[in-house]
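Reader: Could you walk me through this protein at the bench, one question at a time?

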Amino acid sequence: MDKESLYDTTVKQLISQNLNTEEKTKLYNDWSSTYELNLKQFGYAANSKCSEVICKYYPENRENIVLLDVGAGTGFLAEELASKGFKTIDGLDPSPGMLKEAEKKKLYRNVFCSYFTSQPLPFFKQDSFDLLAVVGSFNTGHIPYDAIIEMIRITKPGGIICISNRRSPFYESSDYVDKFFPLCDQLEKEGKWSKEEITTYDGFMENADGIIIVYRVK
């Protein structure tokens, strides 16, 4: 399948409002075997950018960091981080097909098959992780804007939450416009976390700018 056909038949459907949870999961399952190849065709760079930023905040002792890869997919980010010295990585993704591919890499300590929502995840205790990374998962119909409250809960004080995403959903999607950044600011005023950086970058994937959002949990 060429890039244009793939985008029209899969990507556009996944970021539409019209799919229910089961339909989205099936699309991801069906895509899992060629997912990495197709992302490379799209010039996808979000994982490498996320890894670069994370390494800036963790210049040493990376082998002692416990991190959660949210929206882990087939383990793209885990590969990047493992190559940089991170040893203890848990992965969470709603697609069994994606996780099956990810587990073949033998990089994850644990994998969890679940959507990340605004509801508490029962298998994660408070302050479970030193670092939480989310790549490409803030899209229409995917992670809700207020899921950041649960992200804060499961991240240790002093830990980093790093988001690498297409820029456009935060400024164009009704799931996030006038919701995500105001909640970020509110949580900062409440002393839940503090902003480290919000920066944009070229080449999230071809013809799409990216954004890096980093907060430190208090």
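Author: Happy to; what follows is a set of questions and answers on this predicted model.

Reader: Let's start with helix α9: which of its residues are buried?
Author: Helix α9 runs over residues 180–189. Because its buried residues cover an arc of only 160 degrees around the axis, they lie on the same side of α9. The buried residues are Phe180, Phe181, Leu183, Cys184 and Leu187.

Reader: And what do the buried residues of α9 pack against?
Author: An α-helix has 3.6 residues a turn, so residues three or four places apart point the same way. In α9 the buried residues share one side. Their packing partners are α7 (148–154), β5 (155–166), α8 (168–172), β6 (193–205) and β7 (208–217).

Reader: Strand β6 is among those partners. Is its Ser194 buried or exposed?
Author: Ser194 is found in β6, and leaving aside residues up to four places away in sequence, it touches Glu188, Val214, Tyr215, Arg216 and Lys218. Its relative accessible area is 18%, and the cut-off for buried is under 20%. Ser194 is therefore buried.

Reader: Now the largest nonpolar core: which element gives it the largest share of residues?
Author: Nonpolar side chains tend to be buried together in soluble globular proteins. Here the largest such core has 39 residues, and Tyr44, Ile54, Tyr58, Phe86 and Leu131 touch the most other members. The largest share of this core, 6 residues, comes from α4.

Reader: Which residues does Phe86 touch?
Author: Phe86 is one of the core residues that touch the most other members. Residues up to four places away in sequence are not counted here. On that basis, Phe86 touches Ile54, Cys55, Tyr58, Arg62, Ile65, Leu67, Leu81 and Leu131.

Reader: How many residues are in the other core?
Author: This other core lies apart from the largest one. Among its members are Val70, Leu121, Phe181 and Ile211, and Phe181 is also one of the buried residues of α9. The other core has 32 residues.

Reader: I always check cysteines before choosing a buffer. How many disulfides does the structure hold?
Author: A disulfide here needs two cysteine sulfur atoms within 2.5 Å. For Cys55, which is buried at 11% relative accessibility, the nearest cysteine sulfur is that of Cys50, 9.4 Å away. For Cys162, buried at 1%, the nearest is again that of Cys50, at 3.8 Å. The number of disulfides is 0.

Reader: Where is Asn61, and what is its phi?
Author: Asn61 is in the loop between α4 (46–57) and β1 (66–70), and it counts as partly exposed at 46% relative accessibility. Most residues other than glycine have a negative phi. Asn61 has a positive value instead, near 55 degrees.

Reader: What about the phi of Asp127?
Author: Asp127 sits in the loop between β3 (110–113) and β4 (129–135). With a relative accessible area of 32%, Asp127 is partly exposed. Its phi is positive too, near 60 degrees.

Reader: One last glycine: which residues is Gly75 in contact with?
Author: Gly75 is in the loop between β1 and α5 (76–83), and it is buried, with a relative accessible area of 0%. Its C-alpha atom is separated by 9.9 Å from that of Lys100, 25 residues apart along the chain. Leaving aside neighbours within four places in sequence, the contacts of Gly75 are Ala102, Lys105 and Tyr108.

Notes
Residues numbered from 1 in each chain as written. Predicted model: local features only at pLDDT ≥ 70, side-chain atom pairs only at ≥ 80, totals over all residues. Heavy atoms only, no water. Buried < 20%, exposed > 50% of the residue type's maximum accessible area, 1.4 Å probe, protein only. Helix = DSSP H or I, 4+ residues; strand = E, 2+ residues; numbered from the N terminus. Arc of directions from axis to C-beta. Contact = heavy atoms within 4.5 Å. Core = buried A, V, L, I, M, F, W, Y, C linked by side-chain atoms within 4.5 Å.
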